[in-house]
Each structure stands twice: as structure tokens, then as C-alpha cells.
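Work through the exercises below with the sequence and the 3D structure open beside you. Try each task before you read its solution.

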Amino acid sequence: MSETQTRRIKTYNQISDKGLSRFNSTHYQVDPALDDAEAILLRSYKLQVSDLTASVRAIARAGAGVNNVPLPACTDQGIVVFNTPGANANAVKELVLSGMLLASRGILPGMRYVSELSDMTDNAEMSKLLEAEKKRFAGSELAGKTLGVIGLGAIGSLVAGMAIDMGMTVLGYDPALSVDAAWRLPNQVQKIENVSALLGNADYVSLHLPVLDSTRHLISTDLVAAMKPGLCLLNFSRDEIVDTDAVVAGLDAGQLRMYVSDFPRHELIGREDVILMPHIGASTAEAEENCAIMAAEQLKDFLENGNIRNSVNYPSLFLDRVAGAGTGTRLAISNKNVPGMLGKILSILAQQDINVIDMINKSRDQIAYTLIDLASTPSEAAIAAIADTDDVIKVTVL
Ligand SMILES: NC(=O)c1ccc[n+]([C@@H]2O[C@H](COP(=O)([O-])OP(=O)(O)OC[C@H]3O[C@@H](n4cnc5c(N)ncnc54)[C@H](O)[C@@H]3O)[C@@H](O)[C@H]2O)c1
Ligand SMILES: O=C(O)CC[C@@H](O)C(=O)O
């Protein structure tokens with residue numbers, strides 16, 4: 001980055017200072033009011049296509065789910081979208097445990113009952129009453145029960161491990177499990193190939209998968225009917241994964257004993273058999289810091305060097321800056337993933353007699369991305385010629 005260049009980052013939502021402090025104020029302007037930002041840093045704000053101004057090159061989601069970012073439009077416009085896999089997984093795991101405990105013991109009704117006794121001044125009388133009444137708040141233990149985990153990624157694998165430590169049997173379902181995630185999974189998890197079989201054999205089921213076209217309303221009327229009667233469903237993933245009407249019908253019919261969700265819906269509020277939280281799965285100081293730091297570092301490395309780590313729409317790619325490469329320039333080029341592009345780009349540089357020092361090119365689905373280190377700085381006309389080449393989406397000089 002040149003000494004005079006200031007990078008502009010627009011923030012949405014409250015982002016932890018620990019992450020924001022990664023942006024040195026000499027080189028970065030970080031401000032929620034910017035309208036010509038190069039990058040966007042956000043949490044759950046629902047970004048619209050109209051927020052993707054021409055200046056935007058990257059979006060970092062300080063969190064896991066990217067369903068609040070219009071991904072197809074970003075990819076079409078050459079905007080690299082990052083998330084922070086695993087950075088808030090422990091926070092969610094701990095809240096899942098509290099959800100399971102709240103659903104298995106009479107904690108909430110018991111607390112409500114006690115809070116209604118504030119007028120009772122005789123403590124001996126109160127103790128006598130509580131001993132007589134506490135049978136109404138008895139529950140059951142988690143040890144010895146079966147937990148089904150749907151989605152065995154960063155959060156699902158931690159939840160599975162925690163349940164094993166609590167003495168539970170764990171069934172897991174994940175048709176898209178990555179090799180890395182499979183390595184992380186405790187070997188006591190019994191892999192189930194069919195989601196109905198998991199639902200039919202579990203006492204608790206926890207959802208830990210992204211919302212995608214293929215997972216929207218995954219928990220449908222048919223799957224509620226396939227559940228073991230009395231099952232407790234926990235949803236710390238996303239509202240859209242569950243068909244709320246099917247859940248309400250399942251609760252009314254007693255097929256479902258309890259629904260615990262981080263995503264309140266009007267139809268669910270006020271029910272004794274539903275426990276709702278205000279999307280606080282990742283709301284711990286530690287998770288907010290981890291996500292903000294990871295998002296900020298990924299964004300910085302992209303804006304300064306063009307490197308890509310943990311993108312959800314671009315390939316991962318890293319090119320070392322060659323020390324002492326003189327007046328060299330780095331080009332970052334996004335283009336459609338079609339044949340012949342590299343040849344066209346390199347021939348424009350060759351026509352200018354510019355030597356390539358180092359280069360890396362990778363593709364992902366319909367996008368290809370290239371970093372090229374050059375021995376000298378190309379003219380503005382050469383950059384414009386590359387940018388004007390058919391199927392080139394974005395060219396940045398770094
Ligand atoms: N409540 C919160 O505050 C909070 C916090 C973090 C994440 N989340 C949600 O949890 C989700 C999971 O987070 P993560 O960090 O574990 O993500 P992850 O990418 O590490 O894991 C997701 C897993 O889901 C699996 N999967 C995909 N499609 C599936 C399907 N049809 N059936 C079963 N599994 C499927 C993937 O293969 C992957 O292993 C996020 O996408 C986000 O929506 C919520
Ligand atoms: O930022 C948050 O508070 C929520 C994040 C969470 O939903 C995620 O997907 O990581």
C-alpha cells in the first residue's frame with residue numbers, strides 16, 4: 001500500500017474493537033457512514049444488492065452464516081465474500097448445552113414460580129411450601145439419552161463432543177461433510193445416512209447446518225412425523241431451516257415435546273413448550289472478538305495483498321510478496337472461469353514489455369482469480385486493456 005493511500009471500510013452492526021483495532025488509522029478509514037467503501041464489514045445486517053456500490057471489492061461477515069449477503073450478485077460483480085468459520089463455534093456449543101438443560105429440567109417454570117413468592121416474608125413457611133411443590137418442576141437427565149446432530153461442521157462437531165462428554169449417545173447426519181470436518185469429529189459419533197432415521201431414534205436433535213436452497217424447510221411436516229415421539233428440537237442455525245407451521249403442529253400433537261430456538265417467530269411466543277432466545281448464539285465477548293479479528297485480518301490481507309482465505313465464493317489463494325522486487329506492482333484479476341483468459345492477460349503485459357515475477361491462478365465454480373507480480377508498473381492503458389477484455393470482471397492494482 002502506498003503511504004498516501006487510505007482504504008475505506010464501511011461497517012454495519014456493532015463490531016468488536018479488538019477486530020477494528022487491526023485497521024491502523026493512518027491507512028484505514030473505518031466508518032458506518034461511508035458511501036464509497038472498498039470493503040464492507042458486517043455481522044447479521046441484511047445486505048441488499050443496492051448496498052453493493054461499484055467501489056466494493058470485498059465483504060467480510062464476522063460470523064459463520066452468509067445468508068444475509070446477496071452472494072450471486074457479489075460473485076457477478078467480482079466481490080469476494082469472507083466468513084469466519086469456527087470463530088464463534090464454542091459460544092454456540094455452550095448455548096446449545098444451556099438449551100438442552102432448560103428443556104430437560106424445570107428450571108424456567110421453577111424460577112418463575114419462585115419469583116411469584118416475593119410477598120412471602122416467612123422463610124420457614126416458604127421452604128415448607130417449596131418442598132411440597134418442587135415435584136411439579138422435576139425433569140430428566142441428559143446422560144443416557146440420544147442426541148442427533150444435523151450438520152457436523154465447526155459447531156456440530158463441538159456439540160457432538162460435548163454430548164459425548166455428558167454421557168449421551170450421539171448420532172450424526174451430514175451428507176456434505178468435508179474431509180477436515182470428518183477428521184475433527186469424535187469417533188464415538190454414529191454416522192447416519194438418512195435424516196428420518198436420525199429423527200426417529202433421538203431424544204434431542206440439534207441443527208447445525210447453513211440455510212441453502214436445499215436446506216430451507218428441511219424440518220418439514222413429513223420429518224416432524226418421522227420424529228421419535230417426545231423429541232426435543234434445538235435450532236441454533238437459522239429460522240428458515242425449520243417449517244414453523246410443521247413445528248407448531250408437531251408440538252400440538254405431542255410428537256415434539258419441546259422446541260428451543262435462537263430465532264423467535266410470532267407463532268411460537270408464549271408457548272410453555274417453546275424456549276426462545278434473541279439470536280444470541282454468538283453473543284459472547286470471546287466469540288465477538290474472535291470473529292472480528294479473523295474477519296479484519298482476512299480483509300486486510302485481501303485489500304493489501306489480494307490474498308484470499310475463508311471466502312465463500314472465491315478460491316483460497318496466497319502469493320508471497322517477493323522481497324526486493326523493486327518498483328514492482330501486483331495485479332489482482334477476477335474473471336469468468338472460461339478458457340484462454342490467462343493468455344489474453346499475459347499477452348497485454350508482454351506487449352508492454354513487462355516481466356512477470358510471480359503468479360498464481362485458481363478457480364472456483366464460475367469464477368477465476370489471478371494474482372500477478374510484475375517487475376514494473378504497467379501503464380494505465382494496459383490496465384484498462386485488461387479490464388476491458390471480455391469476461392474480465394475486476395482488475396485491481398495493489
Ligand atoms: N445462532 C447463532 O448465533 C449462530 C452462530 C454461528 C452459526 N450459526 C448458524 O450455524 C450454521 C453452522 O455453522 P458452522 O460454523 O458449524 O458451519 P460449518 O460450515 O462449519 O458447518 C456446517 C455443516 O453443515 C453441513 N451441511 C450442509 N448441508 C447439509 C444438509 N443438507 N444436512 C446436514 N448437514 C449439512 C456441511 O457439510 C457442514 O459440515 C451457520 O451456517 C449459521 O447459519 C448460528
Ligand atoms: O453476529 C451474530 O451475532 C450472529 C452470528 C451467527 O448467526 C453466525 O452465523 O455466525
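The exercises that follow move from the domains to the ligands, then to a helix, a core and some single residues.

This is a predicted model, in which local features need pLDDT of at least 70, side-chain atom pairs count only at pLDDT 80 or more, and totals for chains, interfaces and linings use all residues. Residues are numbered from 1 along each chain as its sequence is written, while chains are lettered from A and ligands numbered from 1 in the order in which they are written.

**Exercise 1. Find the domains of the chain, and explain why ligand 1 lies between two of them.**

Start with the domain bounds, which come from an automatic or database domain assignment. The chain is divided into domain 1 (1-88 + 283-314), domain 2 (96-101 + 142-276), domain 3 (106-139) and domain 4 (318-398). Next, take the centres over C-alpha atoms: those of domain 2 and domain 3 are separated by 32 Å. Finally, consider ligand 1: because domain 1 and domain 2 both give residues to its shell, ligand 1 lies between them.

**Exercise 2. Describe the shells around ligand 1 and ligand 2.**

A residue is near a molecule if its C-beta atom, placed from the backbone, lies within 6 Å of it. Ligand 1 is surrounded by 33 residues, of which G65, G151, G153, A176 and G281 are the closest. Two elements, α3 (89-104) and α6 (154-165), give two or more residues to this shell, and the largest share, 3 residues, comes from α6. Such helices (H or I, at least four residues) and the strands (E, at least two) are DSSP runs, numbered from the N terminus.

Now sort the residues by class: Ala, Val, Leu, Ile, Met, Phe, Trp, Tyr, Cys and Pro count as nonpolar, Asp, Glu, Lys and Arg as charged, and the others, Gly among them, as polar. The shell around ligand 1 divides into 18 nonpolar, 12 polar and 3 charged residues. Around ligand 2 stand R43, S44, G63, A64, G65, N88, G281, A282 and S283, which by class are 2 nonpolar, 6 polar and 1 charged.

**Exercise 3. Which residues of α3 are buried, and what covers them?**

A residue is buried if 20 or more other C-beta atoms lie within 10 Å of its own, exposed if 12 or fewer, and partly exposed in between, with C-beta atoms placed from the backbone. In α3 the buried residues are A89, A91, V92, K93, L95, V96, G99, M100 and A103. Their cover includes α6, β9 (204-207), β10 (231-235), β11 (256-261), β12 (274-276) and α11 (285-305).

**Exercise 4. How many residues has the largest nonpolar core, and what does L234 touch?**

A nonpolar core is a set of buried Ala, Val, Leu, Ile, Met, Phe, Trp, Tyr and Cys residues joined through C-beta atoms within 7 Å. The largest has 101 residues, and those with the most contacts inside it are A39, L41, A58, L234, A295 and L299. α11 gives the most to this core, with 9 residues. Leaving out residues up to four places away in sequence, L234 touches V96, G99, M100, Y204, V205, S206, L207 and V260; here contact means C-beta atoms, placed from the backbone, within 7 Å.

**Exercise 5. Are H279 and D365 partly exposed or exposed?**

Begin by locating each residue: H279 is in the loop between β12 and α11, and D365 is in the loop between β14 (356-364) and β15 (367-374). Then count neighbours: H279 is partly exposed because 15 other C-beta atoms lie within 10 Å, whereas D365 counts as exposed because it has 10 C-beta neighbours inside 10 Å. As for the backbone, H279 has a positive phi of about 50 degrees although it is not a glycine, and D365 also has a positive phi of about 50 degrees without being a glycine.

Conventions
Contact = placed C-beta atoms within 7 Å.
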